[in-house]
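Please examine the structure shown here with attention to its aromatic side chains. The explanation that follows leads from one ring to its partners.

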Amino acid sequence: MKSSHGVLAVAGFSVGEKLAWGKHIYIEDLVTNAKYRSRGVGQFLLDWFKTYARANNCEQIHLDSGVQRFAAHRFYLREGFNIASHHFSMVDV
């Protein structure tokens, strides 16, 4: 999302299908410019994702968020997301 003030927010996502989720959107990254947080920018992006999901027959929207990102978690919960699982990873295999 860009305005005359520069980039307000950016998001990357993929559309996929899994046995557990059906057709879904996975938000890879969603970042709002710190100067514009709590001004409706993130909500605008999530509303766009909901519209895009419905238009593309996606049944769910998913994302992961670092455990330390408390402000982001408050935002996602306020926007209707649920904490559905813990994500485990193994790196440097």
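**Aromatic contacts around a tryptophan**

Trp 48 has a relative accessible area of 38% and is therefore partly exposed. The model in which this residue is seen is a predicted one.

Trp 48 and Tyr 52 form an aromatic pair of the stacked kind, with 4.9 Å from centre to centre and 25 degrees between the planes. Planes under 30 degrees apart count as stacked, so the angle of 25 degrees places this pair in that class. Because Trp 48 and Tyr 52 are four residues apart in helix α1, about one helical turn separates them. Tyr 52, with a relative accessible area of 28%, is likewise partly exposed.

The wider search covers the whole structure and finds seven aromatic pairs. One of them joins Phe 13 and Trp 48 in an edge-to-face arrangement, at 5.7 Å centre to centre and with 70 degrees between the planes. This pair links distant parts of the chain: Phe 13 belongs to strand β3 (residues 9-18), Trp 48 belongs to helix α1 (residues 41-55), and the two are 35 residues apart. Phe 13 counts as partly exposed, because its relative accessibility is 31%.

These rings belong to a shared group. One aromatic cluster is formed by Phe 13, Trp 48, Phe 49 and Tyr 52.

Another tryptophan has a contact of another kind. Over the ring of Trp 21 sits the charged end of Lys 18, 5.7 Å from the ring centre.

Technical notes. Residues numbered from 1 in each chain as written. Predicted model: local features only at pLDDT ≥ 70, side-chain atom pairs only at ≥ 80, totals over all residues. Heavy atoms only, no water. Phe/Tyr/Trp six-rings, centres within 6.5 Å; stacked < 30°, edge-to-face > 60°. Buried < 20%, exposed > 50% of the residue type's maximum accessible area, 1.4 Å probe, protein only. Lys NZ or Arg CZ within 6 Å of the ring centre and 35° of its normal.
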